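This briefing turns to the model shown below and takes up its charged pairs, the contact between its chains, and some individual elements.

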Amino acid sequence: MVLDPKTLYTERMTRFDDVMCGRIPDRVPAIGNITTWMYQYAGVSVKKAFMEDPELIFQSVKKLQDDVPIDCLMGTSNTLPLKMAERIGEGMYVCTDEGTQIKGSHGQLMEPEEYKLLAEDPHRFFANVLIPRKFESIRNASFDEKVAMFKQAYYDFGAFGAYNRAVNPRIENELGLPMPTRGSIFLPPDVVLDYLRDFVGISLDVRRHADELVEACWALYKWNLDQYLPTAPPPNWKVIFSPLHLPTYLRPKVFEKVYLPFMKRYVQEMAIERGFALYFFMEANWMPYLDLLQELPEGARLVGLFEAGDLAEIKEKVGNRMVIMGGMPVDLLRFGTIQQVEDKCKELIETLAPGGGWMFSTDKTLMSLTDGKPENVIAAYRYIAENSWYSR
Amino acid sequence: MAEFATSNDGDVYDAFMKAAEEVAAEKELPVEQVAAVMDKLIYMFVTRI
């Protein structure tokens, strides 16, 4: 029986929300942790889809949904204002027919001696120190030229939002496919790692400048929430996404000092006090940190996608703090047979489904078509859709 | 030793805020609303492009 889009949307959204709220769903939600894989699967140029014709995004998602029985797609992946970057003439990313990539390490944009400036005034530090350092075109521009560039950036950013608004509601309304991600907030130490000090820099800073790093991160934390909250729609079933990059490079003792306090405060303020639902991408192996995650507040609507580790043990140890997402190794989708994929799905259902608290997905994001053979991806999601019912 | 900034002085922040005033006037929007978007752009110039 083919359901109408509205009924389909409600059924899928309820499945997701039931798990987030600690209820047993009708069956295990099958989450599409899929980004530019779907455009390659559809034979669509990512660059054209992101920059020229939003209809290409819609058709790619439609083909994905028609062939792969996912319950939710975390997003369309069109998250970078590429035209704005193109007009500035520089930037970190390049968009091709296959996808978007970081050009390479952008090095250390700031020096550790500047943490106190970041703590003092993150707005002016970013604007007056980092932006001219990063962008030659801005550094060499006159004041009036800068004003003109930033006015254009405002309009480009508005156009970028309008471009996505032309397609995202259609995906939910016409296809009945929920897209649960309602925005993203980086935890401050990850901002420092990814954009300010790079890996080598922050690895030294957590030893030599830990107090300054933490103080600067609290200033960034306040700025992030001040940006998000005033215009954020009220909390609903959708989740705010945070990729957690830094933790697994830190010894647990260091994680406890420079990172965990931000996780705790963020979950407390956003989820417990304000009622937002949160989504943490727990990158790499979190097994050494599971005991420390018990310090997270109880009662949050929080889901963690675990990229590695023993998910059964993770669920046992931190299932009282968060919903667990993941399970299907992309290596199996890339190299395995359909039978092996289905056997893995069966194992995951038997191990992780009892009691609820688990959403199925791939352990890593499917970015390139080579990340997972289409027949294996289809087989995996189909197996979950057919065999993970709680009450049938 | 690498050079580092010793203050947050500069004109880029002011240029963003001047841009906000001009956009607000052009589009007949509250300046605070446009300035809030410019503040997001300051963050995004470092983290998203």
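How many salt bridges does the rule count over all chains? The count comes to 32 over all chains, in a model that is predicted rather than determined by experiment. Three of the salt bridges that the rule finds lie across the interface of chain B and chain A, and that interface is described after the pairs within chain A.

**Salt bridges within chain A**

- Asp156(A) and Arg87(A) meet through their side chains in a salt bridge, with an N to O distance of 2.7 Å.
- Because Asp156(A) belongs to helix 9 (residues 143-165) of chain A and Arg87(A) to helix 5 (residues 82-88) of chain A, this pair ties together parts that are 69 residues apart in sequence.
- The two partners differ in exposure, since Asp156(A) counts as buried at 10% relative accessibility, whereas Arg87(A) counts as exposed at 52%.
- Arg23(A) forms a salt bridge with Asp17(A), and the closest N and O atoms of this pair are 3.5 Å apart.
- Here Arg23(A) is partly exposed, with a relative accessible area of 40%, while Asp17(A) is buried, with a relative accessible area of 16%.

**The salt bridge from Glu26(B) to Lys151(A)**

- The side chains of Glu26(B) and Lys151(A) form a salt bridge with an N to O distance of 2.5 Å.
- Glu26(B) lies in helix 1 of chain B and Lys151(A) in helix 9 of chain A, so this pair joins two chains.
- Glu26(B) counts as partly exposed at 45% relative accessibility, and Lys151(A) counts as buried at 15%.
- Elsewhere, salt bridges that share partners join Glu11(A), Arg15(A), Asp26(A), Arg27(A) and Asp71(A) into one network.

**The interface of chain B and chain A**

- The two chains bury about 3900 Å² between them, and 68% of this area is on carbon and sulfur atoms.
- Of the area that chain B buries against chain A, 21% is supplied by Asn8(B), Tyr43(B) and Ile49(B), which is more than any other three residues supply.
- The contact draws 36 residues from chain B and 47 residues from chain A.
- Between the two chains the rule also finds 21 residue pairs in polar contact, where both residues have pLDDT 80 or more.
- On the side of chain B that touches chain A, helix 1 (12-27) and helix 2 (31-47) of chain B each supply at least two residues, and the largest share, twelve residues, comes from helix 2 of chain B.
- Sorted by class, that side of chain B has 20 nonpolar, five polar and eleven charged residues.

**Ile314(A) and its surroundings**

- Ile314(A) has its place in helix 15 (residues 311-318) of chain A, and this residue is buried, with a relative accessible area of 0%.
- Apart from its neighbours within four places in sequence, Ile314(A) is in contact with Met287(A), Leu290(A), Phe306(A), Ala308(A), Gly309(A), Gly319(A) and Ile324(A).
- Ile314(A) and Leu369(A) are 55 residues apart in sequence, and their C-alpha atoms are 29 Å apart in space.

**Helix 18 of chain A**

- Helix 18 (residues 374-387) of chain A has 14 residues and reaches 20 Å from its first C-alpha to its last, which is close to the 20 Å expected at 1.5 Å a residue.
- Among the buried residues of helix 18 of chain A are Asn376(A), Val377(A), Tyr381(A), Tyr383(A) and Ile384(A).

Technical notes. Residues are numbered from 1 along each chain as its sequence is written. Chains are lettered from A and ligands numbered from 1 in the order in which they are written. This is a predicted model: local features need pLDDT of at least 70, side-chain atom pairs count only at pLDDT 80 or more; totals for chains, interfaces and linings use all residues. Side-chain values use heavy atoms; hydrogens and water are left out. Contact means heavy atoms within 4.5 Å. Buried area is the accessible area (1.4 Å probe) that two parts lose on being put together, summed over both. A salt bridge is a side-chain nitrogen of Lys or Arg within 4 Å of a carboxyl oxygen of Asp or Glu. A polar contact is a pair of N or O atoms within 3.5 Å; within protein, one must be able to donate a hydrogen and the other to accept it, and residues adjacent in sequence count only if both atoms are side-chain atoms. Helices (H or I, at least four residues) and strands (E, at least two) are DSSP runs, numbered from the N terminus. Ala, Val, Leu, Ile, Met, Phe, Trp, Tyr, Cys and Pro count as nonpolar, Asp, Glu, Lys and Arg as charged, and the others, Gly among them, as polar. Buried means under 20% relative accessible area, exposed over 50%, partly exposed in between (1.4 Å probe, protein chains only). The expected span of a helix is 1.5 Å times one less than its number of residues.
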